[in-house]
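Biologist: I am new to this model and would like to get to know it. Please choose a single part, look at it closely, and then show me what else belongs to the picture.

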Amino acid sequence: MAIENIQVLRASIKKRKLWDQVFVVIAFISLFFGFAILMGLMTQLFLQGATRLNWSFLTSPPSPRAEEAGILVASVGTATVMLVTMVLAVPIGISSGIYLQEYAKKGWLSDVIEINVANLAGVPSIVYGLLALGLFKQQLQLGESIITAALTLSLLILPVVIVTTREALKAIPQTLREGAYAIGTSRWQMVWDHVLPASAGGILTGIIVGLSRAIGEAAPLITIGALTFITSLPDSPIKGEFPFISFSWLKSDFTVLPIQMFDWVSRPQPAFQLNAGAAGIVLVLLTVIMNGAAIYLRIYFRNRIKW
Amino acid sequence: MTSNPEQTKNFKAEVSNFDFFYGPKQALKGVNLQVEDRKITALIGPSGCGKTTLLRAFNRMHDLYPGNHYTGEIWLESLNILGKNVDPIEVRMRIGMVFQKPNPFPKSIYENIAYGLRIRGITKTNVINEKVEKALRGAALWEEVKDRRHDMAFSLSGGQQQRLCIARALATEPEMILFDEPTSALDPISTISIEELMKELKKQVTILIVTHNMQQATRISDYTAFMYLGEIIEFDRTEVIFKNAANKQTRDYVSGQFG
């Protein structure tokens with residue numbers, strides 16, 4: 001090749017590599033902005049709330065006096081609502097995902113269902129609140145109770161669980177299904193014994209991501225009329241007399257952390273703003289723990305199974 | 001060609017007038033084939049000739065997918081396994097399969113083999129242990145894995161994984177095993193060990209194998225069917241197909257002039 005051609009070639013390579021560098025700079029600035037703003041918010045939250053974050057804050061019921069108020073009732077509310085939400089949404093969501101991916105005949109009907117489920121995942125949460133207000137509270141007369149809240153939030157996260165279950169199942173190579181069928185499994189044995197365990201990481205991740213969305217929701221629960229100020233805990237699930245287990249707590253009034261925060265933020269006294277910050281820290285930590293668990297599970301299962 | 005079971009008793013399996021369609025496209029045309037008991041029968045031919053389609057008809061794998069249909073009969077002894085009233089699960093419990101790429105279950109080595117026994121209703125641990133060992137020995141894998149039977153199957157090498165898949169198929173004592181290019185994803189050393197294994201296995205089980213590798217067919221098979229464009233062009237003893245084929249296309253293919 002002639003020397004001048006090589007010069008042209010090098011100039012062209014240099015020009016193209018310049019764009020590499022330009023893009024890296026743009027990408028870095030974008031990343032920095034996102035990260036810096038997030039860090040700023042977190043720092044402000046921590047500075048504001050850290051002073052109030054102590055044991056008595058975690059274990060006290062709310063109070064009209066800011067320095068005596070705590071998040072006990074809201075934490076118990078969040079925990080119970082999340083538990084019932086999980087119990088409701090997980091079996092239904094996983095079953096639906098399995099049906100759509102492994103059983104349903106592929107055709108226009110399954111396409112329509114698929115598109116609908118994907119869209120439902122993007123519906124604003126307050127719309128679910130309106131639906132729940134009409135259906136669970138007014139039609140079924142369930143009140144502003146834990147069960148109403150859990151039903152509402154399980155509707156909210158059901159599409160997320162269905163979609164991630166389907167995606168996790170889709171990622172399983174067809175060779176595993178054929179290998180199972182080839183030794184004589186029924187379809188259910190193929191799904192239950194092989195495909196589900198192999199996709200457990202993805203499905204668990206979906207459940208946790210769904211729950212960590214639900215844990216921060218205030219809007220749909222305010223729509224159904226959840227109380228903002230409540231000082232009593234739900235009924236105990238364990239009773240002294242036969243049958244020793246009671247489900248009356250499902251019908252108890254409740255509040256959750258985001259609603260508690262919302263209540264404090266909307267008060268004029270600055271002392272309550274500190275409480276809101278402290279509750280915010282707890283909520284952020286819970287979400288971080290849940291997402292961390294999701295990432296850990298994904299890595300754990302990915303390392304265990306290599307295709 | 002008749003499909004009378006009385007006349008097929010010398011054969012383990014017999015394909016009769018088998019046509020296969022992917023949608024409107026005909027992939028197999030009027031296939032007739034006899035598979036002799038406890039011998040290795042190889043299907044060879046260029047890509048797209050329908051040999052894998054034919055193999056997968058033997059354990060009704062096509063039933064798992066929409067958009068195909070087939071007519072004709074495949075007799076396994078006195079049962080037409082394509083019969084509408086025959087459950088594909090029953091067929092798959094009698095005819096095992098080993099795939100192109102090793103596909104062990106993402107479970108332990110032991111569990112890979114024990115699973116097929118469990119779904120056949122064997123629950124006694126000592127019986128399962130015995131049969132797992134027998135299958136691993138049968139697949140020439142026992143010496144390599146006896147001390148780590150509870151390790152994940154994916155910790156094995158590719159060749160070992162394929163022998164594990166053979167052990168998995170063997171453990172349930174099938175009457176016939178289908179091999180779909182079982183060594184195409186393996187290195188030459190692993191390939192030789194799988195081939196040696198198949199020669200050993202044919203003492204107890206009928207083998208039907210699809211292979212791209214003509215040398216492999218000459219090394220291990222007793223009978224060879226040459227397929228081209230969805231038809232069986234020639235079917236005979238392997239040495240006849242490779243040394244003395246009657247059909248010109250067969251001669252051209254086995255001498256490497258096309259394919």
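Modeller: Happy to: I will start with a sheet in chain B, then move to its surroundings and on to chain A. This is a predicted model, in which local features need pLDDT of at least 70 and side-chain atom pairs count only at pLDDT 80 or more, while totals for chains, interfaces and linings use all residues. Residues are numbered from 1 along each chain as its sequence is written, and chains are lettered from A and ligands numbered from 1 in the order in which they are written.

The sheet is an open one of four strands in chain B, with the order β2-β1-β4-β5 and antiparallel pairing. Strands (E, at least two residues) and helices (H or I, at least four residues) are DSSP runs numbered from the N terminus, and two strands pair if DSSP finds at least two bridges between them. At the edges lie β2 (25-36) and β5 (79-80) of chain B, each pairing on one side only.

Let us cross the sheet from β2(B). Eight bridges join β2(B) to β1 (residues 11-22) of chain B, in the antiparallel sense. One place to look is Ala13(B), whose bridge partner in β2(B) is Val35(B). On the next step, β1(B) pairs with β4 (residues 68-76) of chain B, again antiparallel and over eight bridges. Here Phe21(B) has His69(B) of β4(B) as its bridge partner. As you follow any strand with your eye, it helps to know that in a regular strand the side chains alternate between the two faces of the sheet.

The last step takes us from β4(B) to β5(B), which run antiparallel and are joined by two bridges. Trp75(B) stands opposite Asn80(B) of β5(B). These strands form a hairpin with two residues between them, and in this hairpin Glu77(B) takes a positive phi near 50°.

Chain B offers another hairpin to set beside that one. Strand β9 (residues 223-228) and strand β10 (residues 231-237) of chain B pair in the antiparallel sense over six bridges. Met227(B) has Ile232(B) in β10(B) as its bridge partner. Two residues lie between the strands of this hairpin, where Leu229(B) takes a positive phi near 50°.

Stepping back, chain B has ten helices and ten strands. Its radius of gyration is 18 Å, close to the 18 Å that the globule rule gives for 259 residues, so chain B is as compact as a globular protein of that length. This radius is taken over C-alpha atoms, and the globule rule is 2.2 Å times the number of residues to the power 0.38. The C-alpha atoms of chain B fill a box of roughly 55 × 40 × 35 Å along the principal axes.

Now for chain A, which has eleven helices and zero strands. Its radius of gyration is 25 Å, whereas a compact globule of 307 residues would have one near 19 Å. Along the principal axes, its C-alpha atoms fill a box of roughly 90 × 60 × 35 Å. Chain A is divided into domain 1 (1-50) and domain 2 (55-304), with bounds from an automatic or database domain assignment. The C-alpha centres of these domains lie 38 Å apart. Four residues from domain 1 and seven from domain 2 of chain A take part in their contact, counted when C-beta atoms, placed from the backbone, lie within 7 Å.

Two helices of chain A deserve a look. Helix α3 (residues 72-103) of chain A bends by about 25° at Ala89(A), with Pro91(A) following within four residues; a bend is the angle between axes fitted to the seven residues ending at a residue and the seven starting there. Helix α8(A) has a kink of about 60° centred on Ala200(A). Its end C-alpha atoms span only 33 Å, while a straight helix of 28 residues would span 40 Å at 1.5 Å a residue, the expected span being 1.5 Å times one less than the number of residues.

Finally, the two chains meet through 17 residues from chain A and 21 residues from chain B. On the side of chain A, the elements giving two or more residues are α7 (174-182) and the kinked α8 (187-214). The largest share, six residues, comes from α7(A).
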